[in-house]
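Trainee: Could we go through this model together? I'd like to ask about a few spots and hear how you reason about each.

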Number of protein chains: 2
Amino acid sequence: MKFTLNATDGRARNGQLMFDRGAVDTPAFMPVGTYGTVKAMTPEDLTEVGAQIILGNTFHLMLRPGTEVIRAHGDLHDFMHWEGPILTDSGGFQVWSLAEMRKISEDGVRFSSPVNGDKVFLSPEESMRVQQELGSDIIMAFDECTPYPATQEQARQSMELSMRWAGRCSVAHGVHSSALFGIVQGGMYPGLRKESLDALLEIGFDGYAIGGLSVGETEEERLMVLDNLTPHMPSDRPRYLMGVGTPEDLIAGVQNGIDMFDCVMPTRNARNGHLFTRFGDVKVRNARHKTDSGPIDATCTCYTCKGVTHANGSVSGGFSRAYMHHLDRCNEMLGPMLASIHNLHYFLNLMQEVRTALEAGRFGAYVTQFHADRARGV
Amino acid sequence: MKFTLNATDGRARNGQLMFDRGAVDTPAFMPVGTYGTVKAMTPEDLTEVGAQIILGNTFHLMLRPGTEVIRAHGDLHDFMHWEGPILTDSGGFQVWSLAEMRKISEDGVRFSSPVNGDKVFLSPEESMRVQQELGSDIIMAFDECTPYPATQEQARQSMELSMRWAGRCSVAHGVHSSALFGIVQGGMYPGLRKESLDALLEIGFDGYAIGGLSVGETEEERLMVLDNLTPHMPSDRPRYLMGVGTPEDLIAGVQNGIDMFDCVMPTRNARNGHLFTRFGDVKVRNARHKTDSGPIDATCTCYTCKGVTHANGSVSGGFSRAYMHHLDRCNEMLGPMLASIHNLHYFLNLMQEVRTALEAGRFGAYVTQFHADRARGV
């Protein structure tokens, strides 16, 4: 993986990650494909909405279908037919979320599979092995997510464990064609965050992620952590803010120098009839949309809102709010399908607009307009 | 609507229905789009798998979203963005299925909406009005479905009511650009079926459907009814066997001179991991598919099995049994999406093969091969 910076504005950066499997323009949003599928999207749908890289969940995939099934197809790309780059998480966040069902030691984490109760062990070495087997283009270090809230001592203990694990990940990864990213921990303590970053820099990674956010902290705390941390991050390596977030969170992240994001929000909210638009969010379930023959967002260019123009000039697709409302009320699968296309298109187009604004040197004006538009309402 | 016959072989017929909205080659299979969407399929997916006409359910659409919402978009084509012809059923079968919740009189049927309990009245005149409002290209007469089993006297009473209603439908439909089909009833009694057909011919319809089958009768009874009825049906009008059925049922129907079919089976079974193929049916849920990296059917040309070749020569799609098994086990929406594409492609391609065989004068050999292939197993 090769990272090049193209334009900056304050801390905000526009660049490109180059992989054997293609380029990823940054700032980038990565749709989440937990079980080897971005929910309700075909690979063609993903390409259509502008996805250049997607995320796979190591924890889920190692339990179902298991790496031996995926390896029988080649790797995860071949199994799910996504030809672009894939980033896999380490499984650390998911095993941490199991709470009572897992036991963390210096060695790693023992847990019972939520699928069938099998005893499973995940460690830095095991996570590297699984992610390499998945054929991931960006492999994430195996870490412990620090709980929120945590005392400074708890946050330190947790962060230091993650840093020892980061070292083991680096050794286990060895000389391998996939990129390896380290993950900064340290809870809501800027000093610990800085120590964590320094420990990772000492080991040396291809990129640096910020973990342990979106775990219940306030927006103020999250921005404080970013504000204190990103100025110390090396400018020649990509920075990835894990599990974030709303359109506003993404813009704030870019303003703080973040290059990569992932979040289940566009697809999860789509399944609940929550649509993101330039002019605020639309809950298609609301009765006011029942008879509205207009599109979700008349300025949106996605298949759901605008349709596609075929070679012969005919247009298909381009559905109304009333139709989306109707599909939702009738529990029709086409509802989540069209909503997922729309929401992912919105998130990916937002990043495209940000990149264009950064290139053109008008990012500040873009952000002002973004907030004004979003507050306008639909 | 204009119907032309192209080739015959015994009772089997190949022809074409021509509408302002396009041609429908017969024998034709119509995917069912109950609520203004063929479940889990976009309009483009439908075109891709070869659908030329789809079915909409009047009963469901009049309750949700209601004709006034659909009329705000133009008609049902505009609401759901399906540009080809649409056949709508009359609602008769659905209100009949409500059992305790409905009361049938000479006038029509009073029932409580299963959606919100509202009192609703459906009659020949009301069904015509609703179907015209939906902009249907083929409107079905409003009839009473005869229960199974029924005594000859019960079947006669029911059939005679349906024939009086058929007359009212014809009057109410008036001079209108949409085609109107009559529906033959009469239970499992060939004499009553013949009387019913004669009554409809007396009124005069654009096409003739056979109703009251697939209600629990044996295959032998169904074939007996068809065998006795179709020779009397006018050769210059399309014949539609309602609600049927399996691939074998379709072939038997074609052999008995049927031109049109509809059934929820391809899409409903798809959602349960039941896939139809040339070589028999595949239950993707079975453990034996867990590690199978081959396609559902190596001879199938659908997106799910074979993928699509893009302008630049790259191929995408073409998924394995193991992947389909995995999607099903994880309840991933992409599973029903891909399975629906495959099953509808199978049904529509089956009809295409039948038409080609009829045109080429080798339908007998085709049917022999069809049964041998289906029995072979996958």
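Trainee: Where is P65(A) found?

Mentor: Keep in mind that this is a predicted model. The peptide bond running from R64(A) into P65(A) is cis, with omega near 0°. As for its place, look past α2 (58-63) and before α3 (67-71) in chain A: P65(A) is in the loop between α2 and α3.

Trainee: And which residue does a cis peptide bond join to V244(A)?

Mentor: Omega is about 0° there. Most peptide bonds are trans, so a cis one deserves a look. The partner sits in the loop between β14 (239-241) and α10 (247-255) of chain A, and that partner of V244(A) is G245(A).

Trainee: Now chain B. Is S214(B) buried, exposed or partly exposed?

Mentor: Find S214(B) in the loop between β13 (207-210) and α9 (219-229) of chain B. Its phi is positive, near 60°, and it isn't a glycine. For burial, count C-beta atoms: S214(B) has 17 others within 10 Å. Buried takes 20 or more and exposed takes 12 or fewer, so S214(B) is partly exposed.

Trainee: What about N331(B), buried or exposed?

Mentor: That one is in the loop between α13 and α14 of chain B, and N331(B) also has a positive phi, about 55°, without being a glycine. Its count is 10 C-beta neighbours inside 10 Å. The cut-off for exposed is 12 or fewer, so N331(B) counts as exposed.

Trainee: Which element gives the largest share of the side of chain B that touches chain A?

Mentor: Start with the contacts: 34 residues of chain B meet 34 residues of chain A. Elements of chain B giving two or more residues to that side are α1 (43-48), α4 (76-80), α13 (321-329) and α14 (334-359). The largest share is five residues, and it comes from α13(B).

Trainee: How many charged residues does that side of chain B have?

Mentor: Sort the side of chain B that touches chain A by class. You get 16 nonpolar and 12 polar residues, and the charged ones number six.

Trainee: Last one: which residues have the most contacts inside the largest nonpolar core?

Mentor: That core has 227 residues. Take F181(A) and skip neighbours within four places in sequence: its contacts include I138(A), M140(A), F205(A), Y208(A) and Y240(A). In the core, the residues with the most contacts are F181(A) and F181(B).

How values were computed
Residues numbered from 1 in each chain as written. Chains lettered and ligands numbered in written order. Predicted model: local features only at pLDDT ≥ 70, side-chain atom pairs only at ≥ 80, totals over all residues. Contact = placed C-beta atoms within 7 Å. Helix = DSSP H or I, 4+ residues; strand = E, 2+ residues; numbered from the N terminus. Nonpolar A, V, L, I, M, F, W, Y, C, P; charged D, E, K, R; others polar. Core = buried A, V, L, I, M, F, W, Y, C linked by C-beta atoms within 7 Å.
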